[in-house]
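I opened this notebook page to keep track of what I looked up in the structure, going from charged pairs to helices, loops and surface.

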Amino acid sequence: MNLKKLCVFCGSKDGISPKYQKNATRLGQLIAQNDIELIYGAGGTGLMGAVANACKQNGGRVVGMTISHLFKIERPDLMKDTIDEIQVYQKMFARKFAMTSAAQAFCILPGGIGTVDELVELMVLKQLGLFSKPIIVLNIENFFNPFRQVVHHMIDQGFMKPEHLDLVKTVDNVEDVLPAIEEALKKTC
C-alpha cells in the first residue's frame, strides 16, 4: 500500500446512529491493519476517540494535532495511552496547515460544523490546485447527502463548475475507504 499517513476528520460527539461509532471503529482498525499512521484532531470523545482508540488497539501509530483551546472540549488528556505523538498549536490555521501538510490523504466522517469546515477547506485547497491529495467522504447513513445537495445547488446556480464534484470521492462503505484512496494516489503519482 502506498498510503502511509492518513488524516481523519470527524466529530467529537457520537451522533445519534450507532453506525457512526461502528464505522469509526472499523476505520481505525483498517488503518492499523494496513500499517498507516493516523493523523487526527487529538480528541478523546466521540468518533475522534473511536477511530484513534481502534487504531491504537490494533497496533497502529496515532498522531494527534490540536490547539490549546480544545483541551477542555475534546479531552486529549483522555488519550495519553492512545496518542503516540501530540502536537499542540496556538492557532487553528496552524493546526490545519500541519494536518494538511503531514497527510497523504484525507477521510471525512460525520461530524459538526468543524468537520464541515475542514472538508470545505480541503476542497478549496484542491480546487485552487494547492494540492492534489485524495479526499474521501465516508457517507455513513447518507449523512453527507444534504452537503452534496448544496454543492449541486452551487453548480446549478453557476458558482461552481461540474468538475468540482470530482474534488472528493464519496463512498458508502468503510471497507471502500482505503481502496478508494489507493486508486486516487495512483492517479496523482
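The entries below follow the order of my look-ups, and the model I worked from is a predicted one.

**Entry 1: salt bridges**

I began with a search of the whole structure for salt bridges, which returned 10 of them. I then went through a few of these pairs, noting for each where the partners sit and how far they are covered.

The pair I took up at the start was glutamate 37 with lysine 5, whose side chains meet in a salt bridge at 3.8 Å from N to O. This pair links distant parts of the chain, since glutamate 37 belongs to strand β2 (residues 37–40) and lysine 5 to strand β1 (residues 5–9), with their positions 32 residues apart in the numbering. I wrote down glutamate 37 as buried because its relative accessible area is 14%, and the cut-off for that word is under 20%. Lysine 5, at 34% relative accessibility, counts as partly exposed.

I next looked at aspartate 117, which forms a salt bridge with lysine 96, and the closest N and O atoms of the two are 2.2 Å apart. Here too the pair links distant parts of the chain, aspartate 117 being in helix α5 and lysine 96 in helix α4, 21 residues apart. Aspartate 117 is partly exposed, with a relative accessible area of 36%, whereas lysine 96 counts as buried at 11% relative accessibility.

Another pair lies within one helix: glutamate 183 forms a salt bridge with lysine 187, with 3.6 Å between the closest N and O atoms. Both are in helix α7 (residues 177–188), and because they are four residues apart there, about one helical turn separates them. Glutamate 183 counts as partly exposed at 42% relative accessibility, while lysine 187 is exposed, with a relative accessible area of 65%. I also noted that salt bridges sharing partners join Lys5, Glu37, Arg61 and Glu85 into one network.

**Entry 2: the packing of α4 and α5**

Since one of the salt bridges runs between helix α5 and helix α4, I wanted to know at what angle α4 and α5 pack. Helix α4 (residues 92–102) and α5 pack at an angle of about 60°, and their axes are 12 Å apart. The two helices are therefore oblique to each other, as the angle falls outside the range of 65 to 115 degrees that counts as roughly perpendicular. I recorded the crossing of α4 and α5 as right-handed.

**Entry 3: positive phi angles**

Which value does phi take at alanine 42? I found it near 75°, a positive value in a residue other than glycine. Alanine 42 has its place in the loop between β2 and α2 (46–57), and at 1% relative accessibility alanine 42 counts as buried.

Asparagine 142 is another residue other than glycine with a positive phi, in this case near 60°. Asparagine 142 lies in the loop between β6 and α6 (145–156), and with 46% relative accessibility asparagine 142 counts as partly exposed.

**Entry 4: two separations along the chain and in space**

I looked up tyrosine 20, which lies in helix α1 (residues 18–33) and counts as buried at 11% relative accessibility. The C-alpha atoms of tyrosine 20 and glutamate 141 are separated by 8.0 Å, although the two residues are 121 residues apart along the chain.

For aspartate 166 I checked the separation from glutamine 29, and I noted 137 residues in sequence and 27 Å in space, C-alpha to C-alpha. Aspartate 166 has its place in the loop between α6 and β7 (169–171), and aspartate 166 is exposed, with a relative accessible area of 64%.

**Entry 5: a nonpolar patch**

Last, I asked which residues form a nonpolar patch on the surface. They are Val120, Val124, Leu128 and Leu130, and together they have about 360 Å² of accessible area. Of these I followed up leucine 128, which lies in the loop between α5 (113–127) and β6 (135–138). I entered leucine 128 as exposed because its relative accessible area is 58%, with the cut-off for that word at over 50%.

Technical notes
Residues are numbered from 1 along each chain as its sequence is written. This is a predicted model: local features need pLDDT of at least 70, side-chain atom pairs count only at pLDDT 80 or more; totals for chains, interfaces and linings use all residues. Side-chain values use heavy atoms; hydrogens and water are left out. Patches are made of residues with over 30% relative accessible area and no salt bridge: like charges are joined within 9 Å, nonpolar side chains (Val, Leu, Ile, Met, Phe, Trp, Tyr) within 5 Å. Accessible areas come from the Shrake-Rupley method with a 1.4 Å probe; for residues, only the protein chains shown count as cover. A salt bridge is a side-chain nitrogen of Lys or Arg within 4 Å of a carboxyl oxygen of Asp or Glu. Buried means under 20% relative accessible area, exposed over 50%, partly exposed in between (1.4 Å probe, protein chains only). Axes are lines fitted to C-alpha atoms, for helices over the stretch in contact, and angles run from 0 to 180 degrees between N-to-C directions. Angles under 35 degrees count as roughly parallel, over 145 as roughly antiparallel, 65 to 115 as roughly perpendicular and the rest as oblique. A crossing is left-handed if the near helix is turned anticlockwise from the far one by less than a right angle, and right-handed if clockwise.
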